[in-house]
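Trainee: I am new to this structure and would be grateful for a close look at a single part of it. Could you start from one strand and then lead me outward to the parts around it and beyond?

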Amino acid sequence: MIITNNDWVLDKYKDSFNVIYIDGSFKDVLIAVRDKLHLGHELLTHPLGSSVKPSETPYKSIIITDNKKNLSINSIYMIENAIITYDKFSKDKLKFITDKIRDDLKLIDLTVLESALNIL
Amino acid sequence: MLKIVHYINQFFANVGGEEMAHIPAEVREGIVGPGLAFQQAFKDEAEIVATIVCGDSYFNENTDEAKKIIIEMVKKYNPDLFIAGPAFNAGRYGVACGTIAQAVKDELNIPVLTGMYIENPGADMYKNNIYIVSTKNSAAGMRDAVKKMAPLALKLGKGEKIGASSEEGYMPNGKRVNFFEKERGSKRAVKMLLAKLNDKEFETEFPMPDFDRVAPNKAVKDITKAKIALVTSGGIVPKGNPDHIESSSASKYGKYDIDGVMDLTEETYQTAHGGYDPVYANLDPDRVLPVDILREFEKEGKIGSLHRYFYTTVGNGTAVKSAKAFAAEYAQELKADGVDAVILTST
Amino acid sequence: MKLELGYIFIKDIQFSDVSKVENGTLYVNKEEVKALILEDQNFKSADVELAKPGESVRIMPVKDVIEPRVKVEGPGGIFPGMVNKVDTVGSGKTNVLKGAAVVTTGKIVGFQEGIIDMTGNGAQYSPFSMLNNLVLVCEPIDSLKQHEHEKALRFAGYKVALYLGELAKNLTPDEVEVFETPTLIEGLKKYPDLPRVAYVLMLQSQGLMHDTYVYGIDAKQSLTTMIYPTEIMDGAIVSGNCVSACDKNTTYHHLNNPVIHDLFAEHGKTLNFVGIIITNENVYLADKERSSNWSAKLAEYLGVDGVIVSEEGFGNPDTDLIMNCKKIESKGIKTVLITDEYAGRDGTSQSLADADVKADAVVSGGNANEVIQLPPMEKIIGHVEVADVIAGGFDGSLHKDGSITAELQVITGATNEMGFNKLSAR
Amino acid sequence: MVKEIERVGIPVVHMCTIVPISLTVGANRIVPTIAIPHPLGNPSLTIEEERDIRRNLLTRALKALETEVTEQTVFEK
């Protein structure tokens, strides 16, 4: 399942995948994923799956397993570290994002996601 | 010219050894003992205007009083910098140097510097808060220590930018500072690999988080007589979070009285933790901090008693910057309160 | 495989009627370069500028930096599989315009970072501040998609670099360096007592703006594999990477990979440099597991005693780095890692997004979050408006006089994770 | 945290869900629990069943505290 706050991802994949749309920030996506992992879902893509830093983009899409299994320690480490990493970046720049940049950022998020979806 | 006040113990002031460790703090005008070496290194850029001499036993047995008196002494001279030690491997002297330097920094808001051997217990206690120069393990390393401490002291006194730990000679303090090495990174990597391959010593430029171990304590002899305390990193707090403990990287911990509390309920307690979905813990906080069953055990005589206070933090298991300092503090309290064993719950 | 690199030292760059190299000066015919760029229908206009060390010039946003090289002898051409045919390169002779570079700029997406200052405080952080740069400023046609724009710009850079490189084809180098990697068996016979060392080169490969190409193939589609060091010197690996200015590996970095050079410097003396394992940094976690499994397997297969692992980019590559480290160490092979840090502005945050006790030998390229001051420059080449976004606008840290207060991460190549620079942190 | 408590001489049992993390932070007596958001409970069960779970886990914790250990030990049962 895809957890995302990027409406482009929602629009494009809502019919072919289980998409949970979060109407919120990058961090809200990380938190939503974390809570799912705590219930036994597993990460399929890296929560910081792009070198575009949390200070530069408000968009994030993460793929996790549809099924719950035993707790995945690696997944939990990864999401916790991603949250710590997110928190250390200043978000000041985000307020200067124009609509054009917004679209670029959605596109990047989408393509990074698709680089993983191609394999699924 | 910078004005400096220097702190040393009875031994370095030539008052005496262990037999004189009880002497209280006294202030002497000008330079005493190792201050001479510092003064020579400072040339005319700085002057040691006073030296405070204090017995190690006195300081460590009367810490609060000693701190108060010494801060008053330092204040009188209105110095630009405070230097303590160096203490080398002398444990109580090291702790005293760290404690007083930290206190002077906090109370008088002037830069401070001390020096000691890396394994001196004072180093671990204070290296993240104040600049501590790494010295050899005995007073024979005085020259070397002064050579490293004096230039750093001048920089601190003048308020200049302090470089990276490896440049300035202070112990790494968890604060990463950029600087230019003599060789490029790839060359350093090749050298490091050759050292590692040849089983020679090498120093990583980025130490991984601390994974040290503490040996297990003896088991509790009779649990039915034992006083058991509850500690949690799951962030359980009284409803409304009266101390406003932050949901992550909290700057404080909570200590709460559960005298007479038989069960934690949705109405009375909650979690302040931001590291997991709080729904389940808020509905029944016993799911994180099992007061209900421990009360039952207490009544049935399965345990001696449940300690009157529980301690709570929001540390999550994976955070590298743990609540180590908090824990050190409340662990002392638990010990002082005669707690026999601790159940620590984590989410 | 044996390659002779012939260096022609370039000390100045100037525009001229005829493109040529003479007495250490690179003369460039601007119109010819423009025409070369505009061969691509995707560009509606192009401009070419010079930026030399010491000038009051700021270039931004930098996409790639490329060193002009030319094959003089031996099979194939520079950038095989991209511009030239996909022949195996890395042997014979190659000439290099040392001290010169082609810098491509372009606002492919609106938030791109990447500053090169030719003077002032910022100049000490970027290796490209010391070069004689030919800067390409290309304007795409309106309808051009980001993917195509990135590709067009990438190719413009290669074409111009090859054009300049061609000028060096018949020149006698000022200095020649020879690099040779014997076969495994020959190497073993030749240096039976030296520790065997390989280099694990991690390549950024996460999608648009994050890609690296090996002989023309997108690295994310490749399994971990092996390559001769000299192939890389002939441009077998190129960068399509636009983000993470401070710690992406530009094509220039690949051509001049410092780990390769420094391992060759010890080759036959203190170690036996066996070869290079190239591995990717994908987003999909199973890919990360697979790729790092292969790195460890190939290192074991090569029978090496130690490896150096270099990283590229921010965040998720830390996970690849640590996986590579753990798996290679568990084969009994010693590792040294090269990375950079994001320790927060005050330097107290957790530096890496992953960690492990086995990573006990790490070289740091510095804290990319550290705040630096960049003075105003008389001239800005590229896209000025980007400064707003990079620095957070006037409310943020772009000041009225044109000076910028920003994190080190905006500088191209500042905390390179191949160990290109002297910058570090403690 | 667990280490700091151990350091002052008080035996401590760490009840946590992710055993590897507990091992990493240096706990010596470890009792694995149910789930991260509810280590000592399970919301899908009845309150009495949950209390049973808690009773079992805590009994195991007490047993751990009464057991001499020389190295990091996980009390699975």
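**A strand and its wider setting**

Mentor: In chain C, strand S15 (residues 210-214) and strand S18 pair in the antiparallel sense over five bridges. Strands (E, at least two residues) and helices (H or I, at least four) are DSSP runs numbered from the N terminus, and two strands pair if DSSP finds at least two bridges between them. This is a predicted model, in which local features need pLDDT of at least 70 and side-chain atom pairs count only at pLDDT 80 or more, while totals for chains, interfaces and linings use all residues. Residues are numbered from 1 along each chain as its sequence is written, chains are lettered from A and ligands numbered from 1 in the order in which they are written, and side-chain values use heavy atoms, with hydrogens and water left out.

Within this pair of strands, C:Tyr213 stands opposite C:Val238 of S18(C). S18(C), residues 237-241, is mostly covered, five of its five residues being buried; buried means under 20% relative accessible area, exposed over 50%, and partly exposed in between, with a 1.4 Å probe and protein chains only. Its two faces are both covered: C:Ile237, C:Ser239 and C:Asn241 lie on one side, and C:Val238 and C:Gly240 on the other.

Chain C also holds an open sheet of three strands in the order S11-S6-S24, with mixed pairing. Its edge strands, S11 (116-117) and S24 (379-382), each pair on one side only. Strand S6 (residues 57-60) runs parallel to S24(C), joined to it by four bridges, and C:Val57 faces C:Lys379 there.

From the strands we turn to a loop. C:Gly315 lies between strand S20 (306-310) and helix H8 of chain C, and it counts as buried because its relative accessibility is 1%. Not counting residues up to four places away in sequence, C:Gly315 touches A:His46, A:Leu48 and C:Ala353, where contact means heavy atoms within 4.5 Å. The C-alpha atoms of C:Gly315 and C:Asp354 are separated by 8.5 Å, although these residues are 39 residues apart along the chain.

Helix H8 (residues 316-329) follows, and its axis comes within 9 Å of that of helix H7 (residues 285-301) of chain C, crossing at roughly 35°. Axes are lines fitted to C-alpha atoms, for helices over the stretch in contact, and angles run from 0 to 180 degrees between N-to-C directions. Residues that meet here include C:Ser292 and C:Ala296 in H7(C) and C:Met323 and C:Asn324 in H8(C). The contact comprises four nonpolar, seven polar and four charged residues; Ala, Val, Leu, Ile, Met, Phe, Trp, Tyr, Cys and Pro count as nonpolar, Asp, Glu, Lys and Arg as charged, and the others, Gly among them, as polar.

Another covered strand is found in chain B. From strand S4 (residues 81-84), B:Leu81 and B:Ile83 point one way and B:Phe82 and B:Ala84 the other, and all are buried. S4(B) runs parallel to strand S1 (residues 2-9), with four bridges, and B:His6 has B:Ile83 as its bridge partner. Three bridges join S4(B) to strand S5 (residues 112-117), also in parallel, with B:Ile83 opposite B:Leu113.

Finally, of the five pairs of chains in contact, chains B and D share the most contacts. Chains C and D, by comparison, have no contact joining them, and their closest C-alpha atoms lie 10 Å apart.
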